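Subject: Structure for you to look at

Hi,

Here is the structure I promised to pass on. Please open it first, then read my notes below.

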Amino acid sequence: MKPIKHTDPRYGLSLEEVKNSTPNHVEETYSKSYKKIVQTNIFTMFNAINLFLAFLVFMTGSYRNMLFMGVVISNALIGIVQEIRSKKKLDALALLNQPKAKVLREGNIWQIMTEEIVVNDIVILESGDQICVDGKIVEGMAEVNESLLTGESDAISKQVEDMVFSGSYVEAGHAKMQAIKVGEDTYAHSILKHAKREKKYPSQLRDSINAIIKFSTVILIPAGLLLFGKAYFISRTSLDASILSMVAAVVGMIPEGLVILTSVALAIGAFRLASQKVLVQELYCIETLARVDTLCLDKTGTITQGKMKVTGIESLSSYTTQEIQKILSSMFGTLQDENATAMAIREYCDVEVVPVKQIIPFSSARKASAVIFEEEGFIIGAYPFIVKEQDPVIMKKIEQYSLQGIRVLTLCKAIGSIENELQGNHEPLALILIQDVLREHIHQILSYFYKQDVDIKIISGDDAHTVQAIAKQAGVKGKALDMSASVNLEKNIEEYSIFGRVTPEQKRDMIRTLKQKGHTVAMTGDGVNDVMALKEADCSIAMGSGSDATKNIASIVLLENQFASLPSILNQGRCVINNIQRTASLFLVKTLLSFGCSILTLFLLRSYPFLPIQLTLISALATGLPSFVLTLEPNHERVKGNFLQTVFLRAIPGAGCLLLAVLGVYLFGVLFHLNLDQDQFSTMCTILAGCNALCVLISVCKPMTRLRFVLVSFMILCFVVSCTIPFLQEWFCIYIEQLEWIHLIYVLVNIPVIFIFVYKMTQWIDKKKEKI
């Protein structure tokens, strides 16, 4: 779409023209749609399998054995309600984080939502802005990073008539752009929506659950067919009995609640964080938080408040302090830099706008900015980056200030051309002394992370001595390293904790190196120089006051810059994963038991030991209500071990014990020639399975809290009532009246044996895990 006309960059569009122009509208949601939530909770493969199995049971006329569909429906409804509840909170919070843009209309600057930009609007571009439409520069200049589009991290200088594209962001400079393509016509209309999601975040939880689902899916159909064939063709049981036997086995193998439980737990985690004004833009990063062992912090805006104050000027030449102030006033009246340093200097001296020939804005790469006036030019920035032949005396002064935690900028008079290279044999005029302000309670926050065995790395573009002094004041442990010198990242990344003079590319490489060494890395930042590192991190956290580019790329945004919330965020991640690990083992007990019983049935037993209605009772006791109650509990213990390995190890004692119990009932009947019929056999197995399920629940609930005690007591009461009240016995096919005294004695003797076996096995496995 070509622009209708050339828009005056000093006036912009009229309101009438805005009404008649195409808006920058792209359908975008910050969370799942209501339709998507319903679809993901109802139209699942396991629900489809359950529905087919329910149809088979319906054909037999044994309608009570369809009760397992009640559990399926309840799980789906709980999942839908919880996700919708979380969605409403997240959507409301996301509105606070929507990108905004400055446009020029009728000679006035308007701040609007990016979707309100129209074709031919004059958009004002400043450092840190994410460009959200395609257009051309019509005034000024800007250094634009197009790495999200091209993968190239070098900033590209954009002059008048140059094109800029959505998805790129401004590293330095100030310019006006005329919007040419908007909405879905842009070069990369989905970049803003998908920039943070274009990489797949690591997740043991997601990968493990997918593995469990894949395993269950692979064995379901062949196992079902084999069991039906064994019962109907070999054991010669009736068609209805064969179907019920097969359905019981297959239903038991399906961990249908595990997927919904995980979605609900993550949604609740995001909801709780949203209540603290923390916007979660990637759900699985809640899990990553729980596993973080290295936290990389940018200095400015993270451990400091992001505010700076000029504390003094030391002249290095014949220029007086007043003359230095006048130069700074002229420079920063013209420079459009909006970083903390520029704002501190503007507060220190009254700025004035004077004619200039050229402006070179600040960028993280050159660590300096410059202004060329009619007769002379001046450069301000880090001394080593702007002066080639460095004076040892000046370097000594800078070092001494740095040791006090004072950031030092050098003001130089330009000697020779600086158009292509700022570094040269320039004349130093003065040192500008600037102080960072530490965040409140920073000591307590960092101390908390150290107690949790989370290593802290401070990464900054400032002088290493300055960063070290401020980091020490904040309570950071470890040595400092100047990254402007040649360093061996492989070696130094573990040895040092404080890094100064770090370029954006080095920040990214440091995160990458830490990950290669097996660390789970979280990164916080607020500036465009942090974007590449945030994108590389396992979990990226942006400040709400940070640049649009930073917030768009981050998986978590602290909307109110509440750095003090980081411990709470970490705890929330741990709570989610610990609870899912605990409850996932309950689901896997049933899956492993059903798989093991299927093997026993195929090679030893006459028919499957349970009916669907009996397994529904056991599932309700062991996984139904308990799993959702335990998922909501606070649990801030450090997450240890591999998720899949952990949940399988926790499930083995319960599943193994119950398989032995089923085998024991079979051998008991054979050895004593009792000729147990199917009703007696399944009743004995169901009672032992219920006791086993309760024992597993008790072991999962350790240490016992008041809530857990009430939960366990209620489940025991439900099971006792189900086994003793006649109409419930009939409903759940528990035919105790058909058992002889010897059968009852065998069951009663085995109940304490089950409790002891599960308890001892769980203890042994826990000790083995601790050694690993």
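Which residues does phenylalanine 449 touch, not counting residues up to four places away in sequence? Keep in mind that this is a predicted model. Phe449 touches Leu295, Val454 and Ile456. Leu566, Pro567 and Leu570 are on its list of contacts too.

Now the setting of that residue. Phe449 belongs to the largest nonpolar core, which has 114 residues. Phe449, Ile456, Ile458 and Phe610 have the most contacts inside this core. Helix 22, residues 566-603, gives the most to the core: 15 residues. Another core lies apart from it. That one has 25 residues, including Ile324, Met331, Leu335 and Leu409.

Next, the whole protein. The secondary structure comes to 28 helices and 21 strands. The C-alpha trace spans about 110 × 60 × 40 Å along its principal axes. There are 772 residues, and 57% of them count as buried. Take the contacts with a separation of 6 or more: 72% of them join residues 24 or more positions apart.

Then the surface and the charges. The protein exposes about 32,600 Å². Carbon and sulfur atoms supply 59% of that area. The side chains include 74 positive and 75 negative ones. The centres of these two sets lie 9 Å apart.

To find your way in, start at Phe449 and pick out Leu566 and Leu570 among the residues it touches. Then follow helix 22 through residues 566-603.

Best wishes

Note on methods: Residues are numbered from 1 along each chain as its sequence is written. This is a predicted model: local features need pLDDT of at least 70, side-chain atom pairs count only at pLDDT 80 or more; totals for chains, interfaces and linings use all residues. Side-chain values use heavy atoms; hydrogens and water are left out. A nonpolar core is a set of buried Ala, Val, Leu, Ile, Met, Phe, Trp, Tyr and Cys residues joined through side-chain atoms within 4.5 Å. Buried means under 20% relative accessible area, exposed over 50%, partly exposed in between (1.4 Å probe, protein chains only). Helices (H or I, at least four residues) and strands (E, at least two) are DSSP runs, numbered from the N terminus. Contact means heavy atoms within 4.5 Å. Accessible areas come from the Shrake-Rupley method with a 1.4 Å probe; for residues, only the protein chains shown count as cover. Lys and Arg count as positive and Asp and Glu as negative; His and the chain ends are not counted. The place of a charge is taken as NZ of Lys, CZ of Arg, CG of Asp or CD of Glu.
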